[in-house]
Amino acid sequence: MPKTKLSHKIIIRGILSYGLILALTFICAGRLNYWQGWIYNGLNILFVLLTYYYLSDDTGLIAERLKPGEGMKSWDKIYFMVSSPSYFVMIILSALDVGRFGWTPKLPLLGVIVGILLYIIGQSIFLWAKKSNKFFSTVVRIQKERGHKVCKGGPYAYVRHPGYISGIMYTFATPLVLGSFWGLTINLFTIVPLLVRTYLEDTTLQKELDGYLEYTKEVKYRLIPRIW
């Protein structure tokens, strides 16, 4: 597929996906003056545009992320069945909490600011990982048809799964940005499966990807340097 068409497809898909989240946010909040919702969705749009800017020249990665090839692990399908609904539930409950019902005490402005900073850091690391690793697929599979190789550059020089630590950061930050304590309770159902997926993917790569076992001896930590 031509480069320009692929580039347009990834930004269109990003806008449509986050357009759905934007609509969901304000429908659940029941009002348009939900300023935390505008900040959250504004950040999403910003990172869609940054993704387009930094990745538009990597047609192989874009094609893989738009439509992954064959070989997705069965347990990865279960992961998406659990994590994807949980993420939407977290957004829905946060918007209902802050916008309509006030189930939990109002989150202080400092909490929202901390959430914004964590969200920006998490999404920035996520983008850095995608830029560094041309095999950064949306699913766990060995991309043999693309000549799958171990990535050791960028954030992969520090941890083996920077995409996951960034995902944990911006997932945890989401209800804070949206101003809700209630949304934090749902994080357990999104972050725990992500930790399990990290372990399963790392085990898969050690068994099936040439050079990965040697890489684990160079970079010993999965998510956090000198911790785990």
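Reader: How do you know that the span of helix α8 (residues 188-208) agrees with what is expected?
Author: This is a predicted model, in which local features need pLDDT of at least 70, side-chain atom pairs count only at pLDDT 80 or more, and totals for chains, interfaces and linings use all residues. Residues are numbered from 1 along each chain as its sequence is written, and side-chain values use heavy atoms, with hydrogens and water left out. Helices are DSSP runs of H or I with at least four residues, numbered from the N terminus. The expected span of a helix is 1.5 Å times one less than its number of residues. For the 21 residues of α8 that gives 30 Å, and the end C-alpha atoms are 30 Å apart, so the two agree.

Reader: What makes R197 count as buried?
Author: Buried means under 20% relative accessible area, exposed over 50%, and partly exposed in between (1.4 Å probe, protein chains only). R197 has 8% relative accessibility, so R197 is buried. Other buried residues of α8 include T190, I191, P193 and L194.

Reader: What covers the buried residues of α8?
Author: The cover includes α4 (74-101), α6 (162-177), α7 (182-186) and α9 (212-218). Contact here means heavy atoms within 4.5 Å.

Reader: Why is the pair D76 and R197 called a salt bridge?
Author: A salt bridge is a side-chain nitrogen of Lys or Arg within 4 Å of a carboxyl oxygen of Asp or Glu. For D76 and R197 the N to O distance is 2.6 Å, and their side chains meet in a salt bridge. D76 lies in helix α4 and R197 in helix α8, 121 residues apart, so the pair links distant parts of the chain. D76 has 0% relative accessibility and therefore counts as buried.

Reader: What is the N to O distance between E208 and K73?
Author: The distance is 3.0 Å, and the side chains meet in a salt bridge. E208 lies in helix α8 and K73 in the loop between α3 and α4, so the pair ties together parts that are 135 residues apart in sequence. With a relative accessible area of 40%, E208 is partly exposed.

Reader: How far apart are the closest N and O atoms of D57 and K131?
Author: They are 3.8 Å apart, and D57 forms a salt bridge with K131. D57 is in the loop between α2 (35-55) and α3 (59-66) and K131 is in helix α5, so the pair ties together parts 74 residues apart in sequence. D57, at 47% relative accessibility, counts as partly exposed.

Conventions:
Helices (H or I, at least four residues) and strands (E, at least two) are DSSP runs, numbered from the N terminus.
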